[in-house]
Amino acid sequence: MNFYIVMQGQTYEEEKKHNIIWSHQLDKSGQTPHSWGRMKEVESGDCIFHYVKGDIVAVSITKTDFSESLNPYKSENSVDGYTVETVYEELEKPLNIKRHFEEIQPLLPLKYSAFQENGDGNQGYLFPCNELLAIKILELISDLNIYEEDQEQLEFAIGPIVSKERNSLIPIIAETEAEAKVKIRKGKQKHKEALAPFWNHQCALCGIYLPAMLRASYSKPWKDSTNEERLDPYNGLLLCCNHDALYDKGYIAFDGTGKIHISERLNESDYEKYGVNPKMRVNRSEPNKKYFKWHKKNVFK
C-alpha cells in the first residue's frame, strides 16, 4: 500500500459523485507535470487523502490501478486523462492542516511536498505521502472523528467497535495505519541488517558494539527517500543511540572524506559530554558520499 494526497478543490464533488480521481495527461505546453504523471503510480488498494480548501475532507482506498480515460468534464470523446476508481469515506470532522501543521510539518518531504511552509496547499494534483506522514494524518483524523472511552480498543478489538459504532471509517484507519507501520518496521529492519556489516557491527564513531545500543542512522531520511534509497545500505551509518540522535537532528554531519562537522548549536565546552571532537572521521565507502552530501546540505544545521 502506498499513500497519496490529492488536491481537488472545485473538482471534489464531481469526482466524489463518480468515485474517481482524475487528471489530465498533458498541459498546454505538451508536458506532463509530476503531479499528473504520478497518477500512473497508483495501484489498487492504495490510500488517498482528499484535500479541499485547507482541509482533509475524506479518505479513500483505491479499487483499481490507473487507466487512461475520457475527460469527465467534457462532452467530446477524447482520451486525454488518467483515472483511478476509489471509494470515498467522508469525514464528519475534516482535518484542518494549518491547525495541526506543527505536528505535520516535520514529516513533510523536502521535494514534492503537498504543503507549503506556511501550511497552504501546493499547486498540483496528486502528491506522494510517506508512511510517517500518513500515520500522523490517520492519528489526527482518528482523534477528531472516533469517540471511544478506551482508545486502545481501536487496535485490539476492531470487531466489537465496528459493531458498536457502525462506523466504516474505523477499519479503514486501523488497517491502513497498521500496514504503514509494518512497512516502516520491515523496511528499517532490512536496512539495518544490510548496513551493519559495513561498519563491523559497531558505532562508526565510538566503537560501541552492544546491539541494543546501535541504530541504523539514515543520511537521507525515510520521508525523503525513494523505496530503493530506504533499503540502500550506503544510505546511512551504524551509530550508538547518542550519536544517532546527534546525526538525526543535524548536530553532526560528515563530508565526502568522512570527516565530522559539528554544528555551532553545540557549545565547544560540551563536546566531551556528547562524545564528539573535530578530529573524528568515519571510514566511509564511495557510495556513502552522495548521501553524506545530501545530509550535510539538508539536515545539518
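Of the contacts in the chain with a separation of 6 or more, 66% are made by residues 24 or more positions apart. The model in which these contacts occur is predicted. Its chain has 301 residues, and 47% of them are buried. The secondary structure comprises 11 helices and 11 strands, and the C-alpha trace spans about 70 × 55 × 35 Å along its principal axes.

The interior may be approached through its nonpolar cores. The largest of these has 35 residues, and Ile5, Phe49, Phe115 and Ile141 have the most contacts inside it. At least two residues of this core are supplied by each of β1 (3–7), β3 (47–52), β4 (55–62), β6 (79–96), α3 (101–104), α4 (131–145) and α7 (169–195). Helix α4 provides the largest share, 7 residues. Ile141 illustrates how such a residue is surrounded: leaving aside neighbours within four places in sequence, Ile141 is in contact with Phe49, Ile56, Val59, Leu91, Leu95, Ile146, Leu169 and Ile173. Another core lies apart from the largest one; this second core has 24 residues, including Trp199, Ala204, Leu237 and Ile262.

Aromatic side chains add a further set of relations. A pair of aromatic rings is described by the distance of the centres and the angle of the planes. The structure holds 7 such pairs. In one of them, Phe66 and Tyr82 meet edge-to-face, with 5.7 Å from centre to centre and 75° between the planes. This pair links distant parts of the chain, as Phe66 belongs to the loop between β4 and β5 (67–70) and Tyr82 to strand β6, 16 residues apart. What is the exposure of each partner? Phe66 has a relative accessible area of 27% and is therefore partly exposed. Tyr82, in turn, has a relative accessibility of 6%, so this residue counts as buried.

Tyr247 and Phe254 form a tilted pair, at 5.6 Å centre to centre and with 45° between the planes. Both Tyr247 and Phe254 are buried. Ring pairs also bring in Phe292, which joins Tyr247 and Phe254 in a cluster.

Rings also face charged groups. The charged end of Arg38 sits over the ring of Tyr112, 5.1 Å from the ring centre. Arg265 lies over the face of Tyr251, with 3.9 Å to the ring centre. Tyr251 itself is found in the loop between α9 and β10 (252–254). With a relative accessible area of 26%, Tyr251 lies above the 20% limit for burial and is therefore partly exposed. Which residues does Tyr251 touch, not counting residues up to four places away in sequence? They are Leu246, His261, Ile262, Ser263, Arg265, Leu266 and Phe300. Tyr251 and Met213, 38 residues apart in sequence, are 19 Å apart in space from C-alpha to C-alpha.

Ile260 is placed in strand β11 (residues 260–262). A relative accessibility of 2% is under the 20% limit, so Ile260 counts as buried. Not counting residues up to four places away in sequence, Ile260 touches Leu205, Ile252, Ala253, Phe254, Val276, Asn277, Pro278, Met280 and Arg281. Phe254, one of these residues, is also a member of the ring cluster. The C-alpha atoms of Ile260 and Lys279 are separated by 7.2 Å, with their positions 19 residues apart along the chain.

Ser44 offers another local environment, in the loop between α2 (34–37) and β3. Its relative accessibility is 43%, so Ser44 counts as partly exposed. Not counting residues up to four places away in sequence, Ser44 touches Thr62, Lys63, Thr64 and Asp65. Ser44 and Pro233 are 189 residues apart along the chain, and their C-alpha atoms are separated by 30 Å.

The account turns finally to open space. Rolling a probe the size of a water molecule over the atoms shows where empty space is left. The largest pocket has a volume of about 980 Å³. Of the 32 residues that line this pocket, Pro106, Pro221, Lys223, Asp224 and Asp248 are the closest to its centre. Helix α7, strand β8 (214–217), α9 (241–248) and α11 (288–298) each supply at least two residues of the lining. Strand β8 gives the most to this lining, with 4 residues. Helix α7 thus contributes to the lining of the largest pocket and also supplies residues of the largest nonpolar core.

Notes
Residues are numbered from 1 along each chain as its sequence is written. This is a predicted model: local features need pLDDT of at least 70, side-chain atom pairs count only at pLDDT 80 or more; totals for chains, interfaces and linings use all residues. Side-chain values use heavy atoms; hydrogens and water are left out. A nonpolar core is a set of buried Ala, Val, Leu, Ile, Met, Phe, Trp, Tyr and Cys residues joined through side-chain atoms within 4.5 Å. Buried means under 20% relative accessible area, exposed over 50%, partly exposed in between (1.4 Å probe, protein chains only). Contact means heavy atoms within 4.5 Å. Rings of Phe, Tyr and Trp (its six-membered ring) pair if their centres lie within 6.5 Å; planes under 30 degrees apart count as stacked, over 60 as edge-to-face and the rest as tilted. A charge sits over a ring if NZ of Lys or CZ of Arg is within 6 Å of the ring centre and within 35 degrees of the ring normal. On a 1 Å grid over the protein atoms alone, a cavity is a set of points where a 1.4 Å probe fits but cannot get out, and a pocket is an open set with protein on both sides within 12 Å along at least five of seven lines; lining residues have an atom within 4 Å of a point. Grid points are joined across faces, edges and corners, and a volume is the space filled by probe spheres set on the points.
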